[in-house]
Every structure is written in structure tokens, then in C-alpha cells.
Amino acid sequence: MQEQNFAESFLDFSGMPESMEELLKGKEEVGTISKGKIVAGKIVAKTSDGARVDIGYKAEGFIPAGEFLNFEAVNVGDDIDVFLEEIENRQNMPTLSLEKANSIKAWDRITTEYGEGHIVKGIMRHRVKGGIMVDVEGFPAFLPGSQLDVSPVRNMDDYLNKEYDVKIIKINVERHNIVVSRRELLEESLREQRTALMSDMAVDSVVKGVVKNITDFGAFIDLGGIDGLLHITDISWGRINHPSEVLTVGQELEVIVIGIDKDKERVSLGLKQKTRNPWDDVVAKYPKGSKVSGKVVNLMPYGAFVEIETGIEGLIHVSEMSWTKRINKASDVLNKDDVVEAVVLDIDRDSRKISLGLRQKERNPWEVLAEKYPVGKHIVGKVRNMTNYGAFVEIENDIDGMIHVSDMSWTRKINKPSEVLTPGQEIEVVILEINPEQQRISLGLKQAENDPWSNINDLYKVGDIVKGCVTKITTFGAFVELSNKIDGLIHISQLSNERVDKVKDVLKVGDDVEARVIKVDTDERRIGLSIKAVDGDFSEADLKAAEEEYTAALKPGEAMVNIGEVFESGAMDALKLD
């Protein structure tokens with residue numbers, strides 16, 4: 001055992017009597033001086049480095065000042081017991097030891113009167129490997145470093161030359177050594193303090209403590225014998241990232257007991273509970289629709305958390321950041337530590353949630369547009385982009401309206417916006433509908449012009465001679481654009497009095513032609529034309545016959561398609577013809 005070796009090395013017990021009985025017997029023999037015994041002496045002289053002692057021998061012995069516990073209190077004439085190591089040394093003087101005499105007497109007292117478990121006072125004398133040698137009533141006992149205090153000791157020199165109560169935990173009679181502990185006494189005292197504290201402590205009571213240790217999840221507070229945990233969530237009503245932002249080790253503070261587990265001797269503490277919960281007044285303080293100002297304390301992809309006051313945070317969702325722009329993530333609009341003004345949209349006090357809006361600081365531009373641009377109003381806008389089903393036209397303030405393909409032409413079926421429009425083109429359109437709730441504006445391109453079919457009978461009558469330009473060639477005929485952007489169809493049977501096998505043998509795209517109107521179908525919005533009926537001698541009967549021939553010549557499926565559908569099929573046929 002290491003500490004035993006330290007104790008053995010502290011004093012040399014060689015030359016001592018084998019038993020205390022022999023020693024005491026030798027001491028009691030009057031006029032007998034024997035080596036290795038405790039003898040009575042008297043101080044006859046004192047110098048700065050020690051004292052001369054008369055033991056009744058022809059010569060006096062010398063005791064160094066260091067062997068006295070308090071050399072300043074030593075006086076000439078004092079009686080002391082000393083250990084006789086040698087009767088005569090080289091100077092013909094007896095060799096005496098006060099320390100060994102005290103140690104022998106202390107050992108006898110400790111082993112016979114005290115024993116293990118006894119509490120004694122000890123003076124910390126000097127350091128040795130692994131601990132400190134302690135003077136216990138004159139006997140050198142070993143105090144291991146681990147038994148010096150309840151917590152690790154950084155510098156044992158701070159304890160030297162000080163007197164403390166220690167507990168005897170081991171006595172080895174064979175090796176003449178003693179091991180003591182100060183830690184056990186401190187732990188017993190702490191246990192008693194903990195028991196007393198736990199019995200007196202109550203939930204909601206205010207206690208004083210000192211910050212003992214700080215961790216990521218909270219701080220441990222020394223309450224004077226027991227440690228309580230102050231969790232990070234109970235430090236402040238506001239947001240903190242680490243307890244060290246508010247607390248420091250050694251700081252004294254008052255806390256509130258919020259939980260006690262007497263079986264496990266655990267105490268939960270709260271610091272924020274000393275002040276009123278700000279959420280208690282949040283509904284009255286921040287009513288819906290009110291404007292608030294705060295700092296952005298956290299950014300998530302879905303929104304920004306804004307601290308309105310200490311302990312009160314609201315969320316601005318990305319959907320509430322702009323009326324007109326689609327925000328993908330909050331960091332596209334806000335930065336951490338930005339100071340922003342927002343509008344309270346909703347409050348859930350029980351869940352401690354506040355919904356805030358950034359865009360609500362301004363009036364909904366869609367509502368303004370609905371007032372500014374009533375249905376039927378003509379406006380000019382720029383084509384921003386196109387999809388398969390329509391084109392988006394910028395109106396103002398990054399707000400777009402959409403023209404559906406069905407609202408692009410009175411006379412043709414538009415399959416793709418690119419058939420009529422190009423990006424960047426400025427066009428005149430008509431407001432068809434504004435829906436602020438769905439943030440949608442419907443525009444009409446064809447509505448900006450009069451529907452030519454509304455007065456088609458005034459424009460074209462059966463028998464009229466018209467001129468136009470060939471725009472499409474199909475297997476069954478050619479489409480001709482007339483005035484007012486109206487198309488007519490010259491069926492292959494109406495190209496010539498001679499048999500025509502292929503339309504392209506007679507006409508090609510871009511040709512100017514003259515034809516006679518042989519049919520006007522207002523319900524289906526179709527005009528039938530004939531080149532061979534241009535002859536001026538063409539009678540009413542001939543027109544009737546041409547119309548019937550035109551109608552009969554169209555295939556059943558073709559007879560039911562409208563002009564736009566024919567255009568689409570014609571485009572495919574044109575590819576075949578080429």
C-alpha cells in the first residue's frame with residue numbers, strides 16, 4: 001500500500017523498544033539511562049536554532065527548533081519527554097529526539113484510545129508523492145490527495161501548515177503507519193446539509209446559490225450543500241444559445257425551486273420564473289392587426305422568427321412575405337439580426353405561437369388592381385413569358401395577368417400562344433376577371449377587338465366575290481385569309497372545273513386569290529369559298545349547287561371541325577405535301 005510506505009519513510013523507528021511496556025518501564029527507572037527509551041528532560045538553555053536539554057546525564061542533549069510545534073512558546077525550565085537515540089555521540093553528548101518521543105506517545109494514544117473511525121485534528125506538514133503528511137498529535141499520518149477534498153485539488157500546497165479535522169481510516173500496527181481522510185468528514189457534513197436542505201426546501205421557494213458549473217444544457221447551482229440544475233430553458237423567457245450568455249461560474253444569484261425529487265436528491269431551478277411570463281399579456285398587448293417591430297433571431301427555410309420582446313417570438317412564414325413574388329426561402333428576403341416591422345396575423349397563447357405578416361404592412365395590391373382595373377377595361381402590357389396554355393402579361397408592380405389560348409382569337413383556334421405572340425411584345429388586352437383571393441387576373445386578347453362574326457352577314461354574303469391570301473395548304477383544300485382576319489376554306493373540289501389531284505398543283509402559300517363566297521355558317525363560324533364559281537355568269541342555282549357540292553365534298557369528320565382544327569390538320573398535311 002503506497003501510503004504505508006510514505007508513513008514508514010517519514011520516521012525511522014529502528015532502535016525503538018519492541019513494546020511500549022518496555023519503553024515505559026525504562027522511563028520509570030530512576031537514575032537509569034538506556035538507549036532507545038523515552039526519558040524525562042528539562043530545558044536548560046534556548047538559542048535561536050534550538051534548546052539544550054538536561055536528562056540527568058553528565059552531558060546535555062540538543063533539540064533543534066524545528067522539532068518543537070511552537071518553538072516561540074518554549075521557555076527555559078520547561079519539562080519535556082525526549083527519545084534517547086544515543087547515550088553518547090562523537091561530541092560525547094546524548095542524541096535526543098523530541099519528534100520521536102511525541103510520535104511514540106501519539107501512536108500509543110491513537111492505537112489504544114482512538115482507533116479507526118476516530119476524528120482528530122491534524123496539521124498539514126509537507127507534501128509527499130500522492131498526498132500530504134499530516135501531524136496528528138505528534139504522529140505523522142498519510143493523507144492521500146484523493147482524500148483531501150470532495151472535489152479535485154489543483155494545488156495541494158494551498159493546504160500546507162493549516163490545521164483541519166481528519167478521520168482515521170486505516171491503522172497498520174505492523175508497519176506503524178496511519179492513513180487519514182478529510183474528504184470523508186466533508187462528505188458526511190454535506191450529506192447532513194443535503195438532508196436538512198431537502199427537508200426544508202419547498203417548490204416555489206426562493207433560494208440563493210452560486211453557479212458551480214456550466215454545460216450546454218444548463219448550469220449547476222451550489223445551494224450550500226446540494227446542487228440544483230438550472231436548465232437552459234428556465235434561464236430566460238427569451239432565446240439564448242448557451243447558458244454562458246447569461247451566467248458565469250462563481251456568480252451569486254437567486255433562483256426559484258420549480259421541482260424536487262427527494263429520493264434522488266435532485267432539485268430543478270428556474271431563473272426566468274422570478275419575472276412575469278410575458279405570454280400572459282400577449283393577447284392584450286399585441287392584438288390581431290397591430291404592427292410590431294422586432295429583430296430576426298433565427299432563419300429557417302420556411303420562415304423567419306422575430307423577437308418582439310424578451311421571451312416573445314413570432315414567425316413570418318414565407319407565404320406572408322410578399323404579395324406578388326414567390327419566396328422559396330426566408331433568407332432570400334431577410335437576414336439574421338435584421339430589424340423588421342410586421343403585422344400580427346394570429347396568436348395562440350396556449351401553444352405560444354404568433355403568426356406575423358410582412359406583406360400586410362401594405363394594402364393587398366390585388367385589391368387595388370380590382371379597383372383600378374374594372375372588368376372590361378383596356379390596358380397595354382408586355383408579354384413576359386408563355387406556356388402551352390397561355391401567355392402572361394405584366395400589368396404593374398410585378399403582377400401578371402394571363403391570356404388563355406381560347407381568348408387569343410375570334411376566328412382561329414390557337415393551340416400555342418407562340419402562334420400569335422412573342423415574349424417582350426406589347427399588346428392591348430381587356431380585363432376579364434380579377435380574383436384578389438386567388439391572386440389571379442384573366443385577360444383577353446381577342447376581346448380588345450370586335451368579333452367579326454358578330455356582323456358577318458354584313459361583311460360577307462353568299463355570292464360575294466372576295467380576295468385573300470393563301471395561308472395554309474391541306475390535302476382537302478386551301479385556307480385563305482380574308483379581311484378582318486377571317487379565314488375561308490377553298491375545298492379541292494372548288495379549285496377548278498377541271499379535276500385537281502393535289503391542291504399544291506394549283507395553289508401555294510402566299511398566293512393572292514379571288515374567290516366567291518358559296519357558304520356562310522354563323523353557328524360553326526365557317527366560310528366556304530370557290531374559285532371556279534368566280535365566273536360572272538354564275539346563277540343562284542349554280543351557287544346552290546356549288547354549296548351542296550362543297551358540303552358533300554367535305555368528309556363527315558372534316559365537316560364537323562372548325563377552322564382552327566383544320567389549320568392544325570392542315571399543318572400536318574402540308575408537311576406531307578412538301
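Two strands count as paired if DSSP finds at least two bridges between them. With that in mind, this predicted model has a closed barrel of 5 strands that runs 21-22-23-25-24, and the pairing in this barrel is mixed. Going round the sheet, neighbouring strands are turned by 55 degrees against each other on average, if direction is ignored. Part of this barrel is an antiparallel pair, strand 22 (residues 390–396) and strand 23 (residues 399–404), joined by 6 bridges. Within the pair, Glu394 sits opposite Asp400 of strand 23. Helix 6 (residues 365–372) packs on the sheet and touches strand 22, strand 23, strand 24 (426–435) and strand 25 (440–444). The direction of helix 6 makes about 60 degrees with that of strand 23.

Another barrel turns up earlier in the numbering. Here 5 strands close up in the order 16-17-18-20-19, again with mixed pairing. The average turn between neighbouring strands of this sheet is 50 degrees, direction ignored. Strand 17 (residues 303–309) pairs with strand 18 (residues 312–317) in the antiparallel sense, over 6 bridges. One of the residues involved is Glu307, whose bridge partner in strand 18 is Glu313.

Next come the charged side chains. The structure holds 30 salt bridges. One of them brings together the side chains of Asp79 and Lys42, at 2.7 Å from N to O. This pair ties together distant parts of the chain, since Asp79 belongs to strand 4 (residues 79–86) and Lys42 to strand 1 (residues 38–47), 37 residues apart. Asp79 has a relative accessible area of 60%, so it counts as exposed. Lys42 comes out at 36% relative accessibility and is therefore classed as partly exposed.

A salt bridge also links the side chains of Asp135 and Arg125, with an N to O distance of 3.7 Å. Asp135 lies in strand 7 (residues 131–136) and Arg125 in strand 6 (residues 119–128), 10 residues apart. The two ends fall into separate accessibility classes: Asp135 is buried, because its relative accessible area is 13%, whereas Arg125, at 30%, is partly exposed.

Lys167 and Glu184 make a salt bridge too, with their side chains meeting at 3.4 Å, N to O. In this case a strand is linked to a helix: Lys167 is in strand 9 (residues 163–172) and Glu184 is in helix 4 (residues 183–200), with their positions 17 residues apart in the numbering. Lys167 is buried because its relative accessibility is 15%, while Glu184, at 27%, is partly exposed. The pair does not stand alone, as salt bridges with shared partners join Lys167, Glu184 and Glu188 into one network.

Finally, there is an acidic residue in a loop. Asp511 lies between strand 28 (487–491) and strand 29 (512–521). The cut-off for buried is under 20% relative accessible area, and Asp511 counts as buried because its value is 18%. A polar atom of the Asp511 side chain lies 2.9 Å from the backbone nitrogen of Lys508. Setting aside neighbours within four places in sequence, Asp511 is in contact with Gly468, Cys469 and Val470.

How values were computed: Residues numbered from 1 in each chain as written. Predicted model: local features only at pLDDT ≥ 70, side-chain atom pairs only at ≥ 80, totals over all residues. Heavy atoms only, no water. Helix = DSSP H or I, 4+ residues; strand = E, 2+ residues; numbered from the N terminus. Axes fitted to C-alpha atoms, helices over the stretch in contact; angles between N-to-C directions. Buried < 20%, exposed > 50% of the residue type's maximum accessible area, 1.4 Å probe, protein only. Polar contact = N/O pair within 3.5 Å; in protein donor to acceptor, adjacent residues only side chain to side chain. Contact = heavy atoms within 4.5 Å. Salt bridge = Lys/Arg side-chain N within 4 Å of Asp/Glu carboxyl O.
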